[in-house]
Amino acid sequence: MFRKILIANRGEIAVRIIRTCKELGIETVAIYSKADEAALHVKYADEAVCVGPAKSSESYLNMKNILAAATTLGCDAIHPGFGFLSENATFARLVETCGIKFIGPSGDVIDCMGNKSAARKLMMENGVPVVPGSNGSVHTLEEARKAAEAIGYPVLIKASAGGGGRGMRKVFSAEDFEKEFLAAKSEAKSCFGDDDMYLEKLILNPKHIEFQIIADSFGNVVHLGERDCSIQRRNQKMIEEAPSTALTPELRERMGQDAVRAARAAGYENAGTIEYVLDKEGNYYFIEMNTRIQVEHPVTEMITGIDLIKEQITIAEGRPLSFHQEDVTLRGHAIECRINAENPKENFRPCPGMVKAINLPGGLGVRVDTALYQGYPIPSCYDSMVAKVIAYGNTRDEVIHRMRRVLEELIIQGVDTNVDLHYMILYTKEFMSGDFDTSFIENNLEKLVK
């Protein structure tokens, strides 16, 4: 058993990890920036260390300061959460070099799967279906043009090191290609320090389906079913649910087996996610692997009863998975709404500020993951997500009605949020029927926020 774990993150995911550590009897160390001195994860942890000023690059991305804190305080392991350094191969290697366990895959695996074009090549070699596209990276504008012509428009330009929709552009005609390619390349360089690009055929208005996998060091790889993440704006997920209404049991089995095959091909260990697009004809294609715990992992926990953070920790301790594939049963339905401090009516303008009052919903089948409390000053320098509300029930219809009630009870005063937008989405005929895809927000935003 680990004795002490440093959580290299902030906000609700840091609180989430601390809670599981407490249940396992493991001491925790929180890191924080000067902007986060009053943060809840700082209050919950056994120890807390300031690792720099508000700017992420000087605090939550400051490897030197984080590792110094971990070694000085005698930590056995570091959990990176999601975002920040969670998919940074250099950080994973440095952690291990310091004699500390990185709770996640190895740096080599992060490198392999983090480079989208390399991951795509690996999947092709192992029989996992991929979206038609370029044969690896495209290095020049002319090379990219030729690849786009061979693929056929529309195409999707993607950053090899990308994520979260950054460094990505849809192109519908040759006339727009140069402008969009150079813009995507510039954004990728700014966001990731890497402007390596590749191209894919743009699958118009697909479902976005991801499979949760988890693997130990003994060769056991298991999938925990899918999550439907199709309600998204500008490639940023808003609502996630499990299971998906679009999958038959037979399709779920095939996609799940391919997810396991993908993880095995990568030599994967710990928790990860295989992401697919699913077209109208039921064809699915691998698009990427996230080599970390996901924001939306609670919906999988709700329908499986498995604590994914606990499994991450025990796998990192060198123990086998506590279950096998045949032990995994998907029960009921779960929906998660990401609550952001932003104003949808003003082009989703971020809204940091003081939380003057807060009321969190409760009741049967309700979970709220948040780091908010009354009097908490939401900083302006980090992601605007401030809470995740999750509802669970026996059927999808029951969960939709429960989530509506949950959103009615949720009160966050002092800042603008997107709660009303979520509420409106839950009343649309498309969401109620499950007949929606990744174009839903784009096609309906105007009437949803009026």
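Axes here are lines fitted to C-alpha atoms, and angles run from 0 to 180 degrees between N-to-C directions. The views below come from a predicted model.

**View 1. Helix α12 lies across four strands.** Let's start with the helix made of residues 396–409, which is α12. The strands it lies across are β11, β14 (333–340), β19 and β21 (385–393). Compare its direction with that of β21, and you get an angle of about 140°.

**View 2. Eight strands line up in an open sheet.** Read across the sheet and the order goes β13-β12-β9-β10-β11-β14-β21-β19, with the strands pairing antiparallel. Which strands stand at the edges? They are β13 (284–290) and β19 (366–370). Each has a single partner strand, so one of its sides has no neighbour in the sheet. Going from one strand to the next, the twist averages 25°.

**View 3. Here is a closer look at β10 and β11, which run antiparallel.** Strand β10 covers residues 221–233, while β11 covers residues 236–242. How many bridges join the two? There are four of them. To find your place, look for Arg-233, which stands opposite Gln-236 in β11.

**View 4. Just past β11 sits a cis peptide bond.** The bond in question joins Ala-242 and Pro-243, and its omega is about -5°. Pro-243 belongs to the loop that runs between β11 and α9 (249–265). Why pick this bond out? Most peptide bonds are trans.

**View 5. Three strands make another open sheet, in the order β7-β6-β8.** The pairing is antiparallel in this sheet too. At its edges stand β7 (168–171) and β8 (197–201). Each of these edge strands has a single partner, so one side of it is left without a neighbour in the sheet. Ignoring direction, neighbouring strands are turned by 20° against each other on average. Now zoom in on β6 (residues 155–159) and β7: they pair in the antiparallel sense over four bridges. Val-155 stands opposite Val-171 in β7.

**View 6. Helix α8 lies across the three strands β6, β7 and β8.** This helix takes in residues 177–192. It runs at about 170° to β7.

**View 7. Helix α8 also packs with α7, in a right-handed crossing.** The axes of α8 and α7 (residues 141–151) come within 11 Å and cross at roughly 120°. That makes the two helices oblique to each other, because angles of 65 to 115 degrees count as roughly perpendicular and only those over 145 as roughly antiparallel. On the α7 side, the contact is made by Leu-141, Ala-144, Arg-145 and Ala-148. On the α8 side, Phe-177, Glu-178 and Phe-181 take part. By class, that gives five nonpolar residues, no polar ones and two charged ones.

**View 8. The loop between α7 and β6 holds Pro-154.** Look at the peptide bond that leads into this proline from Tyr-153. Is the bond cis or trans? It is cis, with omega near 5°.

**View 9. Helices α1 and α11 pack at an angle of about 65°.** Helix α1 spans residues 11–23 and α11 spans residues 308–316, with their axes 9 Å apart. The pair counts as roughly perpendicular, because that label covers angles of 65 to 115 degrees. Their crossing is right-handed. From α1, the contact uses Arg-16, Ile-17, Thr-20 and Cys-21. From α11, it uses Leu-308, Ile-309, Lys-310 and Ile-313. Sort these residues by class and you find five nonpolar, one polar and two charged.

**View 10. Phe-84 has a positive phi, at about 45°.** What makes that worth a look? Most residues other than glycine have a negative phi. Phe-84 isn't a glycine, yet its phi is positive. You'll find Phe-84 in the loop between β4 (77–79) and α4 (89–97).

**View 11. Finally, step back to see the whole protein, with its 15 helices and 22 strands.** Its radius of gyration is 21 Å, close to the 22 Å that the globule rule gives for 450 residues, so the protein is as compact as a globular protein of that length. Along the principal axes, its C-alpha atoms fill a box of roughly 55 × 50 × 45 Å.

Note on methods. Residues are numbered from 1 along each chain as its sequence is written. This is a predicted model: local features need pLDDT of at least 70, side-chain atom pairs count only at pLDDT 80 or more; totals for chains, interfaces and linings use all residues. Side-chain values use heavy atoms; hydrogens and water are left out. Angles under 35 degrees count as roughly parallel, over 145 as roughly antiparallel, 65 to 115 as roughly perpendicular and the rest as oblique. A crossing is left-handed if the near helix is turned anticlockwise from the far one by less than a right angle, and right-handed if clockwise. Contact means heavy atoms within 4.5 Å. Ala, Val, Leu, Ile, Met, Phe, Trp, Tyr, Cys and Pro count as nonpolar, Asp, Glu, Lys and Arg as charged, and the others, Gly among them, as polar. Two strands pair if DSSP finds at least two bridges between them. The radius of gyration is taken over C-alpha atoms; the globule rule is 2.2 Å times the number of residues to the power 0.38.
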